[in-house]
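This report describes one protein model. Its overall make-up comes first, then one residue, then the packing of helices.

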Amino acid sequence: MTARARLCAYAHLVLRITDARTGELVDATPARRGLTRVEAHTRGFDPTNLRVLLVADLLVRALELGGTPVWALLDGERDLPELRAAGAALGVRPFEEGRDTGPGLGEAQVLHVVSEGGATPDGVRVAVAPVHQEGLGGDAPDATGPAGPAGLPAPNRPTEPTVLRLALLTYPRSTPLRLDQAALDEAAGTLERWRGAVAAWAHRPSRPIPDTVRVDLRTAWEDDLDAVGVLRVLRAVEQDPEVPDGARFETYAYADRLLGLDLTRALGALA
């Protein structure tokens, strides 16, 4: 596809999401800018349910980036305080209490984020595959401590919560994830490298995001909320000699509005 064709396609992008009931892609916002309710359905507090909450957060961010007003709700069977605390540590935005909530004023769409084999509410369902942990230690003591989010098995070495967020985003939500120390170490290395690079690029003259890169980013997350595709674009931009450093900085800052990885945290460290 030519750059011109890609830009024309970008102008017509609408977030589409796979409905687990049918396996078909559907528009996440059938009425442009109409209120969309995103409701996360959890069954307790464990890595799988935390992944459900994270996917719901990603969906909210993607809709808001497209200019859609969102009502974010959490409907959980149990352990909601623990789940909220762990989500906050991972950068998940606050979700309102969702149980027994009626329709919102002017609500145009309802998207339910559920675990595979979990809740079966009426309406579009976004299914999230389970997370299995291997080779990690016992429970972490609190939501924000170095060991990890509250109640989750702690890694063998102290891990920043955002590292866990990146590890969970590295694989498609429909793919069961085996979370082990190697996965956390890889995510930690990537996050450290990117934050250092972003801090260095910030000292270079500002440049706009290349049009083709912006198209690639939006195409990825508008196509079934493909966070893996967004990460792939960032890796390509990191290594592309044709992209000026100032444009790399703007690209990473823009993509982080979706990913929520705090990629600009190290700004000023190299001053």
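The text below covers the whole chain, a loop arginine and two helix pairs.

**Overall make-up**

The model is predicted. The protein contains eight helices and nine strands. Of its 271 residues, 50% are buried. Contacts between residues at least 6 apart in sequence are made up, to 71%, of pairs at least 24 apart. The exposed area of the protein is about 12,300 Å², and 51% of that area is supplied by carbon and sulfur atoms.

**Arginine 173**

Arginine 173 lies in the loop that runs between helix H4 (161-169) and strand E9 (177-179). Is this residue buried or exposed? The relative accessible area of arginine 173 is 15%, and because buried means under 20%, the residue counts as buried.

The side chain of arginine 173 forms a polar contact of 2.6 Å with the side chain of aspartate 224. Asp224 also appears among the residues in contact with arginine 173 once neighbours within four places in sequence are left aside. The others in that set are Ile17, Thr18, Arg51, Val55, Val126, Ala127, Val128, Ala129 and Leu225.

**Helix packing**

Two packed helices are described by the angle between their axes and the distance between the axes. The table gives both for two pairs.

| Helix pair | Axes come within | Crossing angle |
|---|---|---|
| H2 (residues 47-65) and H3 (residues 80-89) | 10 Å | roughly 60° |
| H6 (residues 211-222) and H7 (residues 227-239) | 8 Å | roughly 160° |

The axes of H6 and H7 cross at roughly 160°. H6 is therefore roughly antiparallel to H7. The crossing of H6 past H7 is right-handed. On the H6 side, the contact is made by Val213, Asp216, Leu217, Ala220 and Trp221; on the H7 side, by Gly229, Val230, Val233, Leu234 and Val237.

How are H2 and H3 oriented to each other? Their axes cross at roughly 60°, and the two helices are therefore oblique to each other. H2 and H3 also cross in a right-handed sense. Asn49, Leu50 and Leu53 are the H2 residues that meet H3, and their partners in H3 are Leu83, Ala86 and Gly87.

Note on methods: Residues are numbered from 1 along each chain as its sequence is written. This is a predicted model: local features need pLDDT of at least 70, side-chain atom pairs count only at pLDDT 80 or more; totals for chains, interfaces and linings use all residues. Side-chain values use heavy atoms; hydrogens and water are left out. Helices (H or I, at least four residues) and strands (E, at least two) are DSSP runs, numbered from the N terminus. Buried means under 20% relative accessible area, exposed over 50%, partly exposed in between (1.4 Å probe, protein chains only). Contact means heavy atoms within 4.5 Å. Accessible areas come from the Shrake-Rupley method with a 1.4 Å probe; for residues, only the protein chains shown count as cover. A polar contact is a pair of N or O atoms within 3.5 Å; within protein, one must be able to donate a hydrogen and the other to accept it, and residues adjacent in sequence count only if both atoms are side-chain atoms. Axes are lines fitted to C-alpha atoms, for helices over the stretch in contact, and angles run from 0 to 180 degrees between N-to-C directions. Angles under 35 degrees count as roughly parallel, over 145 as roughly antiparallel, 65 to 115 as roughly perpendicular and the rest as oblique. A crossing is left-handed if the near helix is turned anticlockwise from the far one by less than a right angle, and right-handed if clockwise.
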